[in-house]
Amino acid sequence: MEYNTQKTQLHMPEYGRIIQQLVERCKELPTKEERSEMAMAIIDFMGQRNPQLRDEENYKHKLWDHLFILSEYDLDVDSPYPFPTREELAEKPKRMEYPKLQGDFKFYGKSILQLIEKAIELEPGDEKEALIEVIANNMKKSYNVYNKEHVTDDVIFRHLKELSENRLDLTGIESLEKSKIYYTTNNNNRNNSNNSNNNRNNNGRNNSNTSNNKDQTNKRRHNNNNNHKNRK
């Protein structure tokens with residue numbers, strides 16, 4: 001009995017031993033034309049054995065790369081794609097950059113940093129002040145949700161100042177609740193609500209007046225008809 005441990009090691013186990021044996025047989029063919037023809041057939045077989053690769057971008061290119069790996073980088077065939085070298089495949093990917101928000105500030109999220117950069121670029125004025133206050137309010141919400149505890153405004157002001165590298169400062173505001181953007185938004189909501197209620201009341205009064213006018217008109221018609229009958 002022959003055990004798998006005694007057989008040739010599989011270079012890519014997901015393709016199985018049959019495909020690897022076909023690749024070895026392809027390498028032994030005498031002419032490049034015959035090897036290329038068999039390589040195309042092996043590529044089709046590899047695509048059938050791993051249909052999930054078809055959903056990936058450039059899956060044909062990947063199949064040819066895998067074929068070259070199965071041949072141990074020693075296959076002389078006509079390929080539509082350049083074969084990778086052993087060194088290229090062994091090259092480590094570039095190290096990913098870690099996000100700037102670390103430690104105590106990670107719960108604020110990347111969007112807060114983007115808003116801070118946008119606020120720094122704005123010229124001094126009402127628009128910039130409003131955006132800074134919006135940022136601080138969102139920071140306070142994020143802090144409360146993540147830490148599940150109330151945070152004082154001075155902590156938010158300190159964090160904002162640190163994240164903006166001392167370029168944004170809200171120390172002149174007593175609290176976020178008394179900031180311009182807060183009251184402007186609430187006042188607008190209240191005014192809109194009051195206007196909506198007034199419109200509803202006016203519509204109700206108009207409908208009531210219309211109904212009363214209709215009733216009075218009907219009563220007049222009824223009285224006129226009765227008078228006419230009595231005359232007869």
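**Exercise 1. A salt bridge between a loop and a helix**

Is Glu 117 buried, partly exposed or exposed? Find the partner of Glu 117 in a salt bridge, and explain what the pair ties together.

*Solution.* The model is a predicted one, and the values below are computed from it.

Step 1. Glu 117 has a relative accessible area of 37%, so the residue counts as partly exposed.

Step 2. The side chain of Glu 117 meets that of Arg 167 in a salt bridge, with 4.0 Å from N to O. Because Arg 167 lies in the loop between α7 (153-163) and α8 (180-231), while Glu 117 lies in helix α5 (residues 110-121), the pair ties together parts that are 50 residues apart in sequence.

Step 3. Arg 167, with a relative accessible area of 44%, is partly exposed.

**Exercise 2. The overall make-up of the chain**

State how many helices and strands the protein chain has, and describe its burial and its contacts.

*Solution.* Step 1. The protein chain has eight helices and zero strands, and from the N terminus on the elements run α-α-α-α-α-α-α-α.

Step 2. Of the 232 residues of the protein chain, 28% count as buried, and the chain exposes about 17500 Å², of which carbon and sulfur atoms supply 45%.

Step 3. Among the contacts between residues at least 6 apart in sequence, 47% join residues at least 24 apart.

**Exercise 3. Further salt bridges**

Give the number of salt bridges in the structure, and place the pairs Asp 44 with Lys 60 and Asp 153 with Lys 140 on their helices.

*Solution.* Step 1. The structure holds eight salt bridges.

Step 2. In one of them, the side chains of Asp 44 and Lys 60 meet, at 3.6 Å from N to O. This pair links distant parts of the chain, since Asp 44 belongs to helix α2 (residues 32-49) and Lys 60 to helix α3 (residues 59-70), 16 residues apart. Asp 44 counts as partly exposed, at 41% relative accessibility, and Lys 60 likewise counts as partly exposed, at 30%.

Step 3. In another, the side chains of Asp 153 and Lys 140 meet at 2.9 Å, again from N to O. Because Asp 153 lies in helix α7 and Lys 140 in helix α6 (residues 126-147), this pair ties together parts that are 13 residues apart in sequence. Both Asp 153 and Lys 140 are buried.

Step 4. There is also a network of salt bridges, in which Lys 32, Arg 35, Asp 76 and Asp 78 are linked.

**Exercise 4. Helix α3 and its surroundings**

Describe the span of α3, list its buried residues, and say which helices they pack against.

*Solution.* Step 1. α3 has 12 residues and reaches 16 Å from its first C-alpha to its last, which is close to the 16 Å expected at 1.5 Å a residue.

Step 2. The residues Leu 63, Trp 64, Asp 65, His 66, Leu 67, Phe 68, Ile 69 and Leu 70 are buried in α3. The buried residues of this helix pack against α1 (16-28), α2 and α4 (86-90).

Step 3. Just after α3, Glu 72 takes a positive phi of about 60 degrees.

**Exercise 5. The two sides of α5**

Why do the buried residues of α5 line one face of the helix?

*Solution.* Step 1. The 12 residues of α5 should span 16 Å at 1.5 Å a residue, and the end C-alpha atoms are 17 Å apart, which agrees.

Step 2. The buried residues of α5 are Ile 112, Leu 113, Ile 116, Ala 119 and Ile 120. Seen down the helix axis, the buried residues of α5 fall within an arc of 120 degrees, and therefore they line one face.

Step 3. An α-helix has 3.6 residues a turn, so residues three or four places apart point the same way.

Step 4. Lys 110, Gln 114 and Glu 121 are exposed on the other side of α5, whereas the buried residues of α5 pack against α6 and α7.

**Exercise 6. The nonpolar cores**

Which residues touch the most other members of the largest nonpolar core, and which helix gives the most to this core?

*Solution.* Step 1. The largest nonpolar core has 25 residues, of which Tyr 108, Ile 116, Ile 135, Met 139 and Leu 160 touch the most other members.

Step 2. At least two residues of this core come from each of α5, α6 and α7, and α6 gives the most, with six residues.

Step 3. Not counting residues up to four places away in sequence, Leu 160 touches Ile 116, Ile 132, Ile 135, Met 139, Leu 168 and Leu 170.

Step 4. Apart from the largest core lies another, of 20 residues, among them Ala 39, Ile 43, Leu 53 and Phe 68.

Technical notes
Residues numbered from 1 in each chain as written. Predicted model: local features only at pLDDT ≥ 70, side-chain atom pairs only at ≥ 80, totals over all residues. Heavy atoms only, no water. Helix = DSSP H or I, 4+ residues; strand = E, 2+ residues; numbered from the N terminus. Buried < 20%, exposed > 50% of the residue type's maximum accessible area, 1.4 Å probe, protein only. Contact = heavy atoms within 4.5 Å. Areas by Shrake-Rupley, 256 points an atom, 1.4 Å probe, with all protein chains shown as cover. Expected span 1.5 Å × (residues − 1). Arc of directions from axis to C-beta. Core = buried A, V, L, I, M, F, W, Y, C linked by side-chain atoms within 4.5 Å.
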